[in-house]
Amino acid sequence: MQGLSFPKNRVKNEVMSHPPPFRIGLGYDIHVLALGRPCILGGVMIPSEVGPDGHSDADVLLHALADAIFGAAGLRDIGHYFPNTDPNLKGIDSKIIVRKAIEEVKERGWQIGNVDIVLIGERPKIMLQVDEIKKSVANLLKISPAEVGLKATTNEGMDSLGQGKAIAVQAICLLYRA
Ligand code: MG
């Protein structure tokens with residue numbers, strides 16, 4: 001049973017002096033849907049009678065993505081960098097938030113490997129815009145669209161998401177040592 005024994009050169013509970021050259025991060029966001037608000041998802045304007053309400057342009061997809069990127073590097077969340085009480089940030093383009101997250105992780109020697117995103121809600125439907133959103137996110141992150149996963153699911157009629165009152169996004173990001 002030699003293969004199951006603890007490596008001789010590593011002491012139990014030792015803090016790793018050579019952590020792996022990869023990091024993962026998770027992001028989540030939810031916004032209420034409001035009539036007449038523009039619906040911008042992943043930097044793409046989606047034709048819709050409702051859009052996410054919020055202090056910025058309310059791009060819920062990019063908010064979850066920014067938090068995934070910040071989180072992967074062990075940094076604070078977007079509310080720390082872009083407080084929604086700051087009047088100067090009213091209506092800002094959420095691409096600025098993602099660019100800040102990229103800048104922060106790059107300063108620490110990380111590059112973005114791939115991201116995967118799940119949009120949860122009853123509306124709007126994004127089936128026709130999936131490729132366009134993937135391309136937009138890829139351009140923003142300076143990676144290939146093949147490294148961007150994007151799925152959408154309903155909440156089967158349950159709660160605020162399933163009843164079309166809100167939209168939520170989960171995102172995950174892999175960073176690697178440059
Ligand atoms: Mg948000």
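Contact here means heavy atoms within 4.5 Å. I start with that because the next residue needs it. The model is a predicted one.

Take Ile40, which lies in strand 2, residues 40-41. Leaving aside residues up to four places away in sequence, Ile40 touches Met45, Asp57, Ala58 and Asp59. Is Ile40 buried or exposed? With a relative accessible area of 17%, Ile40 is buried, because the cut-off for that word is under 20%. Ile40 and Lys125 are 85 residues apart along the chain, and their C-alpha atoms are separated by 12 Å.

Lys125 brings me to a salt bridge. The side chain of Lys125 meets that of Glu122, with 3.6 Å from N to O. Lys125 is exposed, at a relative accessible area of 53%. Glu122 counts as partly exposed, at 28% relative accessibility.

Next, the metal. Which residues coordinate the magnesium ion? They are Asp29 through OD, His31 through NE2 and His63 through ND1, at 2.0 to 2.2 Å. Written as a spacing in sequence, the donor residues read D-x1-H-x31-H. Asp29 and His31 are both buried. His63 is listed among the buried residues of helix 1.

That leads to helix 1 itself. How many of its residues are buried? The count is 12 of 13, so by the under 20% cut-off helix 1 is mostly covered. The buried residues include Val60, Leu61, Leu62, Ala64 and Leu65 at one end of the list, and Ile69, Phe70 and Ala72 at the other. On length, the 13 residues of helix 1 should span 18 Å at 1.5 Å a residue. The end C-alpha atoms of helix 1 are 18 Å apart, which agrees. Just after helix 1, Gly74 takes a positive phi of about 75°.

Now the core. The largest nonpolar core has 46 residues, and the members that touch the most other members are Ile69, Ile117, Val137 and Leu141. Two or more residues each come from helix 1 (60-72), helix 3 (94-107), strand 5 (110-120), helix 4 (130-141), strand 6 (148-153) and strand 7 (166-177). Which element gives the largest share of this core? Helix 1 does, with 10 residues.

Val137 is a useful one to click on. Not counting residues up to four places away in sequence, Val137 touches Leu61, Leu62 and Leu65. Val137 also touches Gly42, Val115, Ile117 and Val148.

On to the strands. Strand 1, residues 22-35, pairs with strand 7 in the antiparallel sense, over 11 bridges. Within that part of the model, Arg23 stands opposite Leu175 in strand 7. Strand 7 also runs antiparallel to strand 5, and 10 bridges join the two. Asn114 stands opposite Leu174 in strand 7. As a general reminder, side chains in a regular strand alternate between the two faces of the sheet.

Last, the other salt bridges. How many does the structure hold? There are seven, and I will go through some of them.

Arg37 forms one with Asp53, and the closest N and O atoms are 3.7 Å apart. This pair links distant parts of the chain, 16 residues apart. Arg37 is in the loop between strand 1 and strand 2, while Asp53 is in the loop between strand 4 (50-52) and helix 1. Arg37 counts as partly exposed at 21% relative accessibility. Asp53 is partly exposed too, at 39%.

The side chains of Asp116 and Lys151 meet in another salt bridge, 2.6 Å from N to O. Asp116 lies in strand 5 and Lys151 in strand 6, so the pair ties together parts that are 35 residues apart in sequence. Why does Asp116 count as partly exposed? Asp116 has 28% relative accessibility, and the partly exposed class lies between the 20% and 50% cut-offs. Lys151 is partly exposed as well, with a relative accessible area of 37%.

Finally, Lys100, Glu104 and Arg108 are linked in a network of salt bridges.

To recap: three residues, Asp29, His31 and His63, coordinate the magnesium ion. Helix 1 gives the largest share of the largest nonpolar core. Strand 7 pairs antiparallel with strand 1 and with strand 5.

Methods
Residues are numbered from 1 along each chain as its sequence is written. This is a predicted model: local features need pLDDT of at least 70, side-chain atom pairs count only at pLDDT 80 or more; totals for chains, interfaces and linings use all residues. Side-chain values use heavy atoms; hydrogens and water are left out. A nonpolar core is a set of buried Ala, Val, Leu, Ile, Met, Phe, Trp, Tyr and Cys residues joined through side-chain atoms within 4.5 Å. Buried means under 20% relative accessible area, exposed over 50%, partly exposed in between (1.4 Å probe, protein chains only). Helices (H or I, at least four residues) and strands (E, at least two) are DSSP runs, numbered from the N terminus. Donors are N, O and S atoms within 2.8 Å of the metal (3.2 Å for Na, K and Ca); water is not among the atoms, so sites may look incomplete. Two strands pair if DSSP finds at least two bridges between them. The expected span of a helix is 1.5 Å times one less than its number of residues. A salt bridge is a side-chain nitrogen of Lys or Arg within 4 Å of a carboxyl oxygen of Asp or Glu.
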